[in-house]
Amino acid sequence: MASGTRASGTGARGTVAAVDLGATSGRVILGHLDDGALRLEEVARFANAPVRTPDGLHWSITELYRDVVEGLAEGVRRSPGLLSIGIDSWAVDYALLRDGRMLGEPYSYRDDRNLAAVDVVHERVPASELYARNGLQHLPFNTLFQLTADRLAGALERADSFLLIPDLLAFWLTGRQVAERTNASTTGLVEVSSGRWDAALMERLDLPAHLTRTLVDPGTVLGPLLPSALRGTGKTDAVVTAVGSHDTASAVVAVPSTDRDVAYISCGTWSLVGVELDRPVVSEASRLAGFTNEGGVDGRVRYLHNVMGLWLLSESVREWEKSGERIELAELLAAAEQVTGEVPVFDADDPLFLAPGGMPERIAAWFAERGLRAPQSRPELVRSVLVSLARAYAETIRRASELSGVRIRTVHLVGGGSQNELLCRLTAEATGLPVVAGPVEATAIGNVLVQARAHGLVSGSLEDLRALVARSFPVTRYAP
């Protein structure tokens, strides 16, 4: 894969590596900078999926780390002068450590152990107060609920720290334990007003404050690789640099617009739908509407709502393939294009769809419980999923505008979902707004640009970085 761009040059030349980890796959992408020109090169791609053991659903994090190191080794072979490595991933999940040793494979946020912990937390801190403190949409898998589940199980007694997934991998690469700020903002344990760890909240929840680590901003250089990492990657002088380590924070950096009157949809396994603000919105109306205030690069606020996303489609395909049948997604989407008339629509945000497995049956059950007709064929189910997502996007964008005061004129849909033409077209129809689709590699681009700026390969504000993206990466426009 390769793509080109040109930014305001600094005369600098160099290469950085973006490690971009999603809940279904990961990849290592090199960003080659030459006097402001950027070329992306994918050097490794690997699967990522949780595994169920008797005690729950876990991430195979050591296997994932091995894949990352092997991908970086290929990057070093192709670019021996590699300057920097940045890591982003999904949010909220973490590992517990003691004396630098991991105490067990991290749980997946889709594990159901968190449900009981929600009630325990809300008994001590009402939901309205919690929102005023951390500004986060209520999601039963937020880190503070997971840590409470660990406390109830006695797991925290042995731990002296917890590290979110990108911070854990950075620790294994460098030996330095930190908490990158954009991802830390998703834990529920950071004050939305100050951006600091909320020690008082942790005390009320009996979560030891000593488990936290120093907060660092995107662009902070964490250090060189340890000998143990070098044995896997090969000789390199590359350093690890903190980026917007929540993948959405990196993706929003690469939204190709310098205007502030836009909404973004970072569309992949999840769809993160919102606007960028300078200050959080923590009104009661915002809480009841399910909006979250998460940290962005350069101190911006990602004001957004989590929509279930293309997980609904990928899990349906995975279920159909269990019988040994090979499903071609392109053919399935083409068949969905041919479905005419109104299709049944469901609530794409229903928690019923959070857990893995049996997605077509659970969608059918949603309709059955309400006495409604369910989709009757695979193409109709696919179209139902996409129409339901588009309507969820439209409602979320409408509410984001009302609650934030931003008058939205354009929707930018970035990430893997931007390749889904039917979804983009349905989103334009549902919102009544033009949809600009792309870039596909928004997360990797944002990751690369934050590193590049930190090392003097490009310069400027977020708007300057976005102008670079807008000038140079292909997009597709869909009229409502």
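Asp 206, in this predicted model, counts as partly exposed, because its relative accessibility is 43%. Asp 206 lies in the loop between α7 (199-204) and β12, and has a positive phi of about 55° although it is not a glycine. A second aspartate with a positive phi is Asp 298, where the angle is about 60°; Asp 298 belongs to the loop between β17 and β18 (301-307) and is partly exposed, with a relative accessible area of 41%. As background to these backbone angles, most residues other than glycine have a negative phi, and most peptide bonds are trans. Against the second of these tendencies stands the peptide bond joining Gly 438 and Pro 439, which is cis, with omega about 5°; Pro 439 is placed in the loop between β20 and α16.

Another proline in a loop is Pro 218, found between β12 (215-216) and β13 (221-224). Because its relative accessibility is 19%, and buried means under 20%, Pro 218 counts as buried. Apart from neighbours within four places in sequence, Pro 218 is in contact with Glu 180, Thr 182, Ala 242, Val 243, Gly 244, Val 297 and Val 450. Pro 218 and Ala 249 are separated by 31 residues in sequence, and their C-alpha atoms are 9.8 Å apart in space.

**The seven-stranded sheet**

An open sheet of seven strands, with mixed pairing, follows the order β17-β18-β16-β15-β19-β20-β21. Its edges are formed by β17 (292-295) and β21 (476-478), each of which pairs on one side only, and neighbouring strands are turned by 30° against each other on average, direction ignored. Strand β15 (residues 262-267) is joined to β16 (residues 271-277) by four bridges, and these two strands run antiparallel, whereas β15 and β19 run parallel and are joined by five bridges. Tyr 264 illustrates both pairings, standing opposite Gly 274 in β16 and opposite His 412 in β19. On the way to β20, β19 forms three bridges in a parallel arrangement, with Leu 413 opposite Ala 437 in β20.

How many residues of β19 are buried? Five of the five are, so β19 is largely enclosed by the rest of the structure. Thr 410, His 412 and Val 414 point one way from the strand and Val 411 and Leu 413 the other way, and all of them are buried.

A comparable description applies to strand β10 (residues 161-164), whose two faces are both covered: Ser 161 and Leu 163 are buried on one side, and Phe 162 and Leu 164 are buried on the other. Four bridges join β10 to strand β8 (residues 94-98), and the two run antiparallel; within this pairing, Leu 164 is the bridge partner of Tyr 94.

**Helices and their packing**

Helix α15 (residues 421-431) has as its buried residues Leu 422, Leu 423, Cys 424, Leu 426, Thr 427, Ala 428 and Thr 431. The elements covering them include β15, α12 (329-337), α14, β19 (410-414), β20 (435-437) and β21. After α15 comes Gly 432, which has a positive phi near 70°.

Two helix pairs are set out below.

| Helix pair | Crossing angle | Axis separation |
|---|---|---|
| α11 (residues 311-320) and α14 (residues 378-404) | about 160° | 10 Å |
| α16 (residues 442-454) and α17 (residues 462-472) | roughly 130° | within 11 Å |

Because angles over 145 degrees count as roughly antiparallel, α11 and α14 fall into that class, and their crossing is right-handed. From α11, Leu 312, Leu 313, Ser 316 and Trp 320 meet Arg 378, Leu 381, Val 382, Val 385 and Leu 389 of α14. By class, the residues of this contact divide into seven nonpolar, one polar and one charged.

For α16 and α17, the axes cross at roughly 130°, which makes α16 oblique to α17; the crossing is again described as right-handed. Here Ile 445, Leu 449 and Arg 453 in α16 meet Leu 462, Leu 465, Leu 468 and Val 469 in α17, and this contact comprises six nonpolar, no polar and one charged residues.

How values were computed
Residues are numbered from 1 along each chain as its sequence is written. This is a predicted model: local features need pLDDT of at least 70, side-chain atom pairs count only at pLDDT 80 or more; totals for chains, interfaces and linings use all residues. Side-chain values use heavy atoms; hydrogens and water are left out. Two strands pair if DSSP finds at least two bridges between them. Axes are lines fitted to C-alpha atoms, for helices over the stretch in contact, and angles run from 0 to 180 degrees between N-to-C directions. Angles under 35 degrees count as roughly parallel, over 145 as roughly antiparallel, 65 to 115 as roughly perpendicular and the rest as oblique. A crossing is left-handed if the near helix is turned anticlockwise from the far one by less than a right angle, and right-handed if clockwise. Contact means heavy atoms within 4.5 Å. Ala, Val, Leu, Ile, Met, Phe, Trp, Tyr, Cys and Pro count as nonpolar, Asp, Glu, Lys and Arg as charged, and the others, Gly among them, as polar. Buried means under 20% relative accessible area, exposed over 50%, partly exposed in between (1.4 Å probe, protein chains only).
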